[in-house]
Amino acid sequence: MKALPVVRPVLLPLGGAAAASSGFAVNRVFCVGRNYADHAVEMGASGREPPFFFMKPPQSLFLVGDQTAQWPYPMATEDCHHEVELVVGLSSGGTNLSVSQASAAIWGYAIGLDMTRRDRQAQMKKEGKSWEIGKAFDRAAPIGPLLPVESLPGLLDQGISLTVNGEVRQKGEFSQMIWSVAETIAELSKAWEIQPGDLIYTGTPAGVGPVSRGDLLVASVPGLPDLRLQVS
Ligand code: MN
């Protein structure tokens with residue numbers, strides 16, 4: 001018998017006062033499509049549509065600490081886009097959660113990038129096929145440390161931004177979300193049993209666009225450490 005594969009659980013580093021602990025064991029990684037009105041419009045939607053979900057494998061998380069991380073330009077694309085997103089980590093679960101139950105399930109927040117091979121996604125959309133190749137590739141989900149919700153009072157009254165080479169490319173207020181963080185979790189729990197350790201990428205504001213080798217991406221949310229990525 002060959003040696004069995006050794007697969008380690010993905011542990012997301014914690015920030016702030018929790019930094020010394022072992023990390024947040026990641027269960028599943030859900031993502032929400034088109035959750036800011038201005039981005040929905042740029043992707044061809046109109047009006048308030050129900051949220052829709054897709055997933056990335058936990059192994060596609062690319063953990064970024066305090067330092068600028070080198071992120072290799074992905075294979076099999078010539079149009080890789082950035083989507084900056086607030087990520088929420090859950091410490092409890094359930095089905096058919098109310099909005100207040102959903103809110104109580106939040107352990108903390110991180111900054112993430114939902115990197116997208118837009119050319120491959122567009123091709124699959126056109127052919128009516130599934131999108132995994134556009135969204136769930138290796139290192140497709142850069143993410144910074146997770147901070148506990150108690151250390152981030154007023155976070156949802158603020159917003160998120162992304163600069164590329166010092167120029168603002170994406171900027172949005174969380175109040176512009178079509179489905180709030182808690183509403184998103186509640187909607188998700190109507191279709192999946194939410195479990196401890198689940199992460200949710202909560203959608204991106206307008207301004208998505210291509211990255212190139214050498215670009216420096218800096219994603220910011222007040223209260224969270226900046227996520228800094230250089231495309232290599
Ligand atoms: Mn996204």
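# Close-up views of a predicted model

**View 1. The manganese ion and its protein donors.** Along the chain, the donors of the manganese ion follow the spacing E-x1-E-x28-D. One pair links distant parts of the chain: glutamate 85 and aspartate 114 are 29 residues apart. Glutamate 85 sits in strand 8 (residues 84-90). Aspartate 114 sits in the loop between strand 9 (106-113) and strand 10 (116-117). The protein donors are Glu83 (OE), Glu85 (OE) and Asp114 (OD), 2.0 to 2.1 Å from the ion. Donors are N, O and S atoms within 2.8 Å of the metal (3.2 Å for Na, K and Ca); water is not among the atoms, so sites may look incomplete. Strands (E, at least two residues) and helices (H or I, at least four) are DSSP runs, numbered from the N terminus.

This is a predicted model: local features need pLDDT of at least 70, side-chain atom pairs count only at pLDDT 80 or more, and totals for chains, interfaces and linings use all residues. Residues are numbered from 1 along each chain as its sequence is written, and side-chain values use heavy atoms, with hydrogens and water left out.

**View 2. Two donors, buried or exposed?** Glutamate 85 is buried, with a relative accessible area of 1%. Aspartate 114 is buried too, at 1%. Buried means under 20% relative accessible area, exposed over 50%, partly exposed in between (1.4 Å probe, protein chains only).

**View 3. An open sheet of three strands.** The strand order is 10-7-16, with antiparallel pairing. Strand 10 and strand 16 (209-210) are the edge strands, and each pairs on one side only. Two bridges join strand 7 (residues 80-82) to strand 16. Two strands pair if DSSP finds at least two bridges between them. Histidine 82 stands opposite glycine 209 in strand 16.

**View 4. The largest cavity.** Its volume is about 110 Å³. Of its 17 lining residues, the closest to the centre are Gly33, Arg34, His39, Glu83 and Lys135. Helix 3 gives the largest share of the lining, three residues. A cavity is a set of points on a 1 Å grid over the protein atoms alone where a 1.4 Å probe fits but cannot get out; lining residues have an atom within 4 Å of a point. Grid points are joined across faces, edges and corners, and a volume is the space filled by probe spheres set on the points.

**View 5. The second largest cavity.** This cavity holds about 70 Å³ of space. Eleven residues line it, and the closest to its centre are Gly33, Arg34, Glu49, Pro50 and Ile178.

Conventions
1 Å grid on protein atoms, 1.4 Å probe; cavity = no way out; pocket = protein on both sides within 12 Å on 5 of 7 lines; lining within 4 Å.
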